[in-house]
Amino acid sequence: MADKKTLTFALMDAPFENARSTTALRLIDIAARRGYDINVFAYEGAVYLPFSHQAKHANAVHGHEVEEEDHPLPREWVSAVIAEAEKNGGKVDWVNCGLCVDERGAADSVDGVRRGTPGDFWNMASASDGTLVIPTK
Amino acid sequence: MKALNIIETAYRGTLEEQDDTIVWITHAMKGAGGDLSVLLRGNAVNYGVKAQNVGALSFGARQQKSAPQLAEDVAKLPGKGVEVFIVEEDLSERGIAAGDLVDGLTAVSRDQVPKLFDGFDQVWHW
Amino acid sequence: MANYLLIESRDPFDSNDVGQFYGLAAGLAREGHSVTLFLVQNGVLPARPSAHSAALADLRGAGIDVLADDFSLQERGIAADGLADGVAAAALDVVIDHMAGGSKTIWH
């Protein structure tokens with residue numbers, strides 16, 4: 001692809017706590033649809049975004065059983081953007097900061113996620129057309 | 001590539017992490033060969049204050065052994081080749097005098113910050 | 001001169017630091033850089049004509065493109081055709097365009 005780009009994102013927020021996680025994945029999804037190569041460095045709470053033990057639940061306040069509620073799971077969104085990038089000729093390299101994983105017990109992730117270090121973020125950013133850090137508050 | 005790490009939020013999980021996670025990642029990236037500087041602004045200018053002191057923290061019998069030493073962590077950066085800039089107006093608005101700060105920090109005025117960015121390929125606001 | 005995309009996710013009703021970020025945008029524009037301010041999440045709240053909207057019009061007057069994420073606007077019931085002076089609705093794709101184009105992209 002002549003106009004293929006490489007973008008890097010650093011994320012910090014755990015899922016389900018604020019709007020930044022969703023906006024980050026919206027951005028990654030746009031890049032994935034374009035077939036870009038996308039690097040994600042998940043730092044601190046963001047290592048929980050691809051956590052494989054996230055589970056749906058019913059919602060009595062909404063009057064929904066599990067299936068009808070279809071509760072969003074960021075791990076599904078992560079898997080979806082990984083697949084979308086591949087479908088369009090790009091790829092997602094999702095790196096969870098290893099020490100952040102250890103302190104949170106967040107080692108179990110969906111496929112396509114690897115463990116890494118801040119050096120990985122530096123190297124990714126150095127080789128990218130653009131880098132965006134989305135900090136937590 | 002040269003990057004500027006901007007730190008604005010302060011005391012964000014610093015007791016659990018025993019450091020500031022962005023000061024920490026700056027040290028880590030520098031150690032991995034990165035070329036970085038730091039800009040302390042907003043409440044994070046308080047990280048330069050020498051008198052910071054985390055008191056004894058314990059939960060039941062579980063006592064913290066390795067309390068964060070934020071001023072020291074910041075003060076070590078220039079020696080590693082990471083210049084640390086600090087915004088003057090943010091200090092004065094918070095009643096922090098120059099003598100309250102650790103050595104080695106480079107004061108800049110708020111007006112100078114846009115010009116400061118010129119020297120960096122990447123500007124990361126953490 | 002460089003291209004800057006400043007992304008403001010916070011709102012001035014909630015955070016004093018937002019004014020500083022708007023000021024940074026203005027300062028970069030005064031230095032001669034091309035600056036776009038992209039409002040997202042609660043950052044779009046002052047895009048509804050309100051107490052804090054004048055600051056956005058001032059930025060537009062300084063030559064800064066002020067855009068508001070259409071998804072965030074709709075989520076908050078802010079009509080895209082009734083925005084405060086100086087603000088235009090835009091798709092989040094703008095951020096990816098800037099990143100891909102090598103703009104210095106800064107999130108607040």
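Here is a walk through the sheet of chain A, the helices beside it and the contact with chain C. Keep in mind that this is a predicted model. The predictor gives the complex an ipTM of 0.97 and a pTM of 0.96, and chain C comes out with an average pLDDT of 97, with 100% of its residues scoring at least 70.

Let's start with the sheet. In chain A, 5 strands line up in the order S4-S3-S2-S1-S5, making an open sheet with parallel pairing. At the edges sit strand S4 (113–116) and S5 of chain A, each of which pairs on one side only. Going from one strand to the next, the twist averages 20 degrees. If you want to look at one pairing in detail, try strand S3 (residues 91–97) of chain A, which runs parallel to S4(A) and is joined to it by 4 bridges. Within that pairing, Trp94(A) stands opposite Val113(A) of S4(A).

Now for the helix that packs on the sheet: H1(A) touches strand S1 (6–11), strand S2 (37–42), S3 and S5 of chain A. How does the direction of H1(A) compare with that of S1(A)? The two directions make an angle of about 170 degrees.

H1(A) also has a helix for company. Packed helix pairs are described by the angle between their axes and by the distance between those axes. Here, the axes of H1(A) and helix H3 (residues 74–87) of chain A come within 8 Å and cross at roughly 15 degrees. Angles under 35 degrees count as roughly parallel, so H1(A) and H3(A) are roughly parallel to each other. As for handedness, H1(A) passes H3(A) in a left-handed crossing. From H1(A), the contact draws on Ser21(A), Leu25(A), Ile28(A), Asp29(A), Ala32(A) and Arg33(A), while H3(A) brings Pro74(A), Trp77(A), Val81(A), Glu84(A) and Ala85(A). Sorted by character, the residues of this helix–helix contact are 7 nonpolar, 1 polar and 3 charged.

Finally, step out to the neighbouring chain. The contact between chains A and C takes 15 residues from chain A and 13 residues from chain C. Which elements of chain A give two or more residues to the side that touches chain C? They are helix H1 (20–33) and strand S5 (130–134). H1(A) gives the most, with 6 residues. On that side of chain A, the residues divide into 9 nonpolar, 2 polar and 4 charged. So much for the interface; looking back at H1(A), this helix packs on the sheet, makes a contact with H3(A) and contributes to the side of chain A that touches chain C.

Conventions
Residues are numbered from 1 along each chain as its sequence is written. Chains are lettered from A and ligands numbered from 1 in the order in which they are written. This is a predicted model: local features need pLDDT of at least 70, side-chain atom pairs count only at pLDDT 80 or more; totals for chains, interfaces and linings use all residues. Two residues are in contact if their C-beta atoms, placed from the backbone, lie within 7 Å. Ala, Val, Leu, Ile, Met, Phe, Trp, Tyr, Cys and Pro count as nonpolar, Asp, Glu, Lys and Arg as charged, and the others, Gly among them, as polar. Two strands pair if DSSP finds at least two bridges between them. Axes are lines fitted to C-alpha atoms, for helices over the stretch in contact, and angles run from 0 to 180 degrees between N-to-C directions. Angles under 35 degrees count as roughly parallel, over 145 as roughly antiparallel, 65 to 115 as roughly perpendicular and the rest as oblique. A crossing is left-handed if the near helix is turned anticlockwise from the far one by less than a right angle, and right-handed if clockwise. pLDDT is the predictor's confidence in each residue, from 0 to 100.
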